[in-house]
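Reader: I am new to reading protein models and would love some company. Could you pick one part, take a close look at it with me, and then show how it sits in the whole?

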Amino acid sequence: MGEFWVELLESFDESPELFEELFDESPELFEESPEVFEEPDCELELAPLLLVVWVFPCPEAQAARDASTRTPHKKIANPERLRRTDIRSSHRHVGERTEEAAPGPSGSCRGPERHYDARMPLLGLTLTPAGEERLAARPPQLALSDVQTRDVEPGRPVRLLDARGRTRAAGVADPENELLRLWSHGDESRAPDAAFLRGKLAAALELRRTLGLADGESAYRLVNGEGDGLSGLAADVYGPFAVVTALSRGLLGHARLLAQWALELLPATGLPLRGAVLKARLKASGNAPERSKDDVVGETPPDKLVVRESRVPYEVHLRGGINVGLFTDMREHRAGLGRFVRGKRVLNTFAYTGALSVAAARAGAAVITSVDLAAGPLAWARANFALSGLDPAAHRWEISDVFRFLEAERARRAAYDVVILDPPTVSGARAALWAQKRDYPELIAAACALLPDEGGHLWISSNTHRGPSVLKQVDAGLALARREAQLLELGGLPPDYPTPLNWPAARYLEVCQLRVGGPLPD
Ligand SMILES: C[S@@+](CC[C@H](N)C(=O)[O-])C[C@H]1O[C@@H](n2cnc3c(N)ncnc32)[C@H](O)[C@@H]1O
């Protein structure tokens, strides 16, 4: 395999936005056929790298698009200048509150990460005129180019000042992504210290309690970046453990603090949280993708853990990769599928750990065919069946490239009543790389070809981040297939994934269910 492709594929894992930018800038690359994709032995290795692209759309990639992804983050060129800015920014301005932050639970600094927590003055950054204008809409982030000083340390708490020196917002600098993460605005601008994070976490927990998700055994999203006022950070709970993810190395200190507070707050409210895994999803630096090793706060979770979703058990693996085996943003769409499958022949493409297959089997589907490139996740899927008391042997498991499988099934005139399409944003396992935003209509048409002549049902997910809406893809796919359909259901993210009204980029998921009619006459 060429070195370029090794680097590209590795970078999928930690930096899907790098791939998206590459796709936008050089679509011709995706016409090529790197030989790795033809080698069956590579499948196991390749699949986990590919699927990550689907699950972590990066809303901030849009804002960062203008910046070069290959530029290593900036070193502080002139520390003297930084110190001067500090002094200036520590002056109080009219109407501004001063934070005397409580120290974090441990206050420890580890590795390259650092949490600026205690009584340190915020670094004042003066907005450009365009930045001031953009800030008026109270966005959860701004580009680093919206302030006049761009040399700022990763993770550094900052306040943004207008031309008159008044504080307009506060947050943290994320130069690795060329962003400023804005965690508070206007008169409410506050230092992102321990007390602040604790407040955000308490408010986030309150919502999940209201939703009935915080019950000590379920999997749910506890903190959803911008939607919970903490752009750049996410926390997911899996029963008694959590995974806290930072979108840059500089945010790891804040992620650690969030994990530490979660380990205090949840048990204090009767929830048995025992440990949290810290993960960083990093942008590429130079030509090499960066990686950060998982770190654990509190108790280390077991390699395999069983969590529940609406009382259905699923196995998750919290350490190792970015993906743990269960996508909680699909919870309601798994339940939605169940209403259409009783007694039906179901084809689940890109099945991964079989969560949708489990949902279909529990809802009484006659037989489910689960297809995935990777043998490991399919074995995991069978374990998930067993956990639900379902017999995996009563169903079909195909380790195959979906595109080839669909062709072969069409050739042998196979038919399925329900076809599930839940592809990653890109897939490399066929003659040319497949990209959702470009090639989805063909995939939808290939799925339609397996529906019976009298019609059938499609369940289709789409990552709409910087791509067309799912209904646009469906429209184009049905036109290719020469079929008509009715929309039965259209949904997006569940309520434990709140998003700001003024930040549509955060709403990356769309799922629809369709009743598809028979082929139209020529
Ligand atoms: C986003 S995950 C699918 C999530 C899954 N449907 C669920 O409900 O959890 C993507 C999966 O697609 C698989 N995959 C990627 N490209 C593929 C291909 N060309 N053929 C078959 N599987 C593929 C990966 O191995 C991975 O398991």
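Author: Here is a walk around one helix, followed by its surroundings and the parts to read with care.

First, some ground rules. Residues are numbered from 1 along each chain as its sequence is written. This is a predicted model, in which local features need pLDDT of at least 70, side-chain atom pairs count only at pLDDT 80 or more, and totals for chains, interfaces and linings use all residues.

The protein has 14 helices and 21 strands; helices (H or I, at least four residues) and strands (E, at least two) are DSSP runs, numbered from the N terminus. Our part is helix 8, residues 252-268. Its 17 residues should span 24 Å at 1.5 Å a residue, and its end C-alpha atoms are indeed 24 Å apart. The expected span of a helix is 1.5 Å times one less than its number of residues. Just after helix 8, Gly-270 has a positive phi of about 90°.

Is helix 8 enclosed or open? Because 12 of its 17 residues are buried, helix 8 is largely enclosed by the rest of the structure. A residue is buried if 20 or more other C-beta atoms lie within 10 Å of its own, exposed if 12 or fewer, and partly exposed in between, with C-beta atoms placed from the backbone. Among the buried residues of helix 8 are Leu-252, His-254, Arg-256, Leu-258, Trp-261 and Ala-262. Over the protein, buried residues make up 52% of the 522 residues.

Now look at the largest nonpolar core, which has 134 residues. A nonpolar core is a set of buried Ala, Val, Leu, Ile, Met, Phe, Trp, Tyr and Cys residues joined through C-beta atoms within 7 Å. Helix 8 gives the most to this core, with eight residues. Ala-242, Leu-258 and Ala-262 have the most contacts inside the core. Beyond its neighbours within four places in sequence, Ala-262 is in contact with Leu-201, Leu-222, Ala-235, Ala-242, Leu-273 and Ala-276. Two residues are in contact if their C-beta atoms, placed from the backbone, lie within 7 Å. In soluble globular proteins, nonpolar side chains tend to be buried together.

One partner of Ala-262, Leu-201, is also among the buried residues of helix 7. Helix 7 covers residues 194-210, and its 17 residues reach 24 Å from first C-alpha to last, close to the 24 Å expected at 1.5 Å a residue. Other buried residues of helix 7 include Phe-196, Leu-197, Ala-204 and Arg-208. What covers the buried residues of helix 7 includes helix 8 and strand 6 (219-224). Just after helix 7, Gly-212 takes a positive phi of about 80°.

Contacts across the sequence also count in the whole protein: among those between residues at least 6 apart, 68% join residues at least 24 apart.

Finally, a word on confidence. pLDDT is the predictor's confidence in each residue, from 0 to 100. The mean pLDDT of the protein is 81, and 75% of its residues reach 70 or more. Over residues 21-112, however, pLDDT stays under 50, and the model has 160 contacts beyond four places in sequence for this stretch. Residues 286-290 also have pLDDT below 50, with 15 contacts in the model beyond near neighbours in sequence. Where pLDDT is low, the predicted coordinates should not be read in detail.
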